[in-house]
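Here is a short note to help you find your way around. Have a look at the sequence and the model first, then read on.

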Amino acid sequence: GIGHTKFKKVPWLFGKEIEIPEEWKVKCGNDVCTEIVVGIVIKPASLYADKGVSCLRSFNIHEDKINEKDIVLISEKANKNNFKSKLRHDDVLVVRTGYPGTACVVPKKFVGGNCVDLVIVRPDSFLDSFFLSKFINSPLAKIQIKRMQGGLAQQHFNVGEMKKIKILLPSLPEQQKIATILSNVDSKITSQIQYKEKLERLKKSLMQKLLTGQIRVKV
């Protein structure tokens with residue numbers, strides 16, 4: 001939390017307790033969301049079209065961001081017929097199969113589109129979407145999701161499990177501050193990774209030129 005001086009212990013997983021700020025609450029997913037539904041699951045490939053609206057799949061969902069490679073389209077008619085999974089502003093998408101629990105907020109450019117086989121979480125007015133996405137991607141949620149899999153080879157995350165997840169709930173302003181801080185840290189990490197990759201490419205290129213004699217070093 002941010003700036004707290006008083007804390008309390010609350011029941012958590014495996015019969016253990018955790019310490020959280022006194023003002024925070026512990027809620028289940030079903031208590032903090034207006035709706036939790038699933039995307040298109042019945043023959044989604046039959047709806048793909050050359051023109052239409054975007055339709056996100058598990059492949060496109062990374063932690064707190066969208067991979068825009070190979071996004072499929074469905075027709076306007078198919079999108080209208082599958083109105084329950086039509087993406088809205090502030091929706092949080094969660095992967096069901098493969099890497100269950102990977103979450104991100106729907107970017108503005110994909111609002112009005114649709115999705116295939118993803119859990120769509122619609123937070124209540126007192127829950128910030130970006131905070132929720134950060135929480136679902138955190139170890140606090142990942143441990144819960146892993147436990148729900150029960151050691152199954154085919155990992156799968158469904159609507160019922162999302163409804164049961166325990167979520168730590170600060171006030172809305174504090175949620176927004178936490179989400180902003182974490183996003184800024186993520187941006188710095190991404191920037192440093194890109195810079196490191198640039199240096200590695202430069203080193204590889206320089207070594208190749210040295211080894212092939214394109215560049216000669218005076219001894």
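The points below go through a sheet, a hairpin and one buried glutamine.

1. A word on the basis: this is a predicted model, in which local features need pLDDT of at least 70 and side-chain atom pairs count only at pLDDT 80 or more, while totals for chains, interfaces and linings use all residues. Residues are numbered from 1 along each chain as its sequence is written, and side-chain values use heavy atoms, with hydrogens and water left out.

2. Start with the open sheet, where four strands run antiparallel in the order β4-β12-β9-β10. Strands here are DSSP runs of E, at least two residues, and helices are runs of H or I, at least four, numbered from the N terminus; two strands pair if DSSP finds at least two bridges between them. β4 (33-38) and β10 (103-105) are the edge strands, each pairing on one side only.

3. Inside that sheet, β9 (residues 92-95) and β12 (residues 118-123) are joined by four bridges. V95 has L118 of β12 as its bridge partner.

4. Next, the hairpin: β1 (residues 7-11) and β2 (residues 17-21) pair antiparallel over five bridges, and P11 is partnered by E17 in β2. Five residues lie between the strands, and F14 takes a positive phi near 55 degrees.

5. Finally, is Q144 buried or exposed? Q144, in helix α4 (residues 139-149), is buried because its relative accessible area is 5%, and buried means under 20% (exposed is over 50%, partly exposed in between; 1.4 Å probe, protein chains only). A polar atom of the Q144 side chain lies 2.8 Å from the backbone nitrogen of K166.

Definitions and conventions. A polar contact is a pair of N or O atoms within 3.5 Å; within protein, one must be able to donate a hydrogen and the other to accept it, and residues adjacent in sequence count only if both atoms are side-chain atoms.
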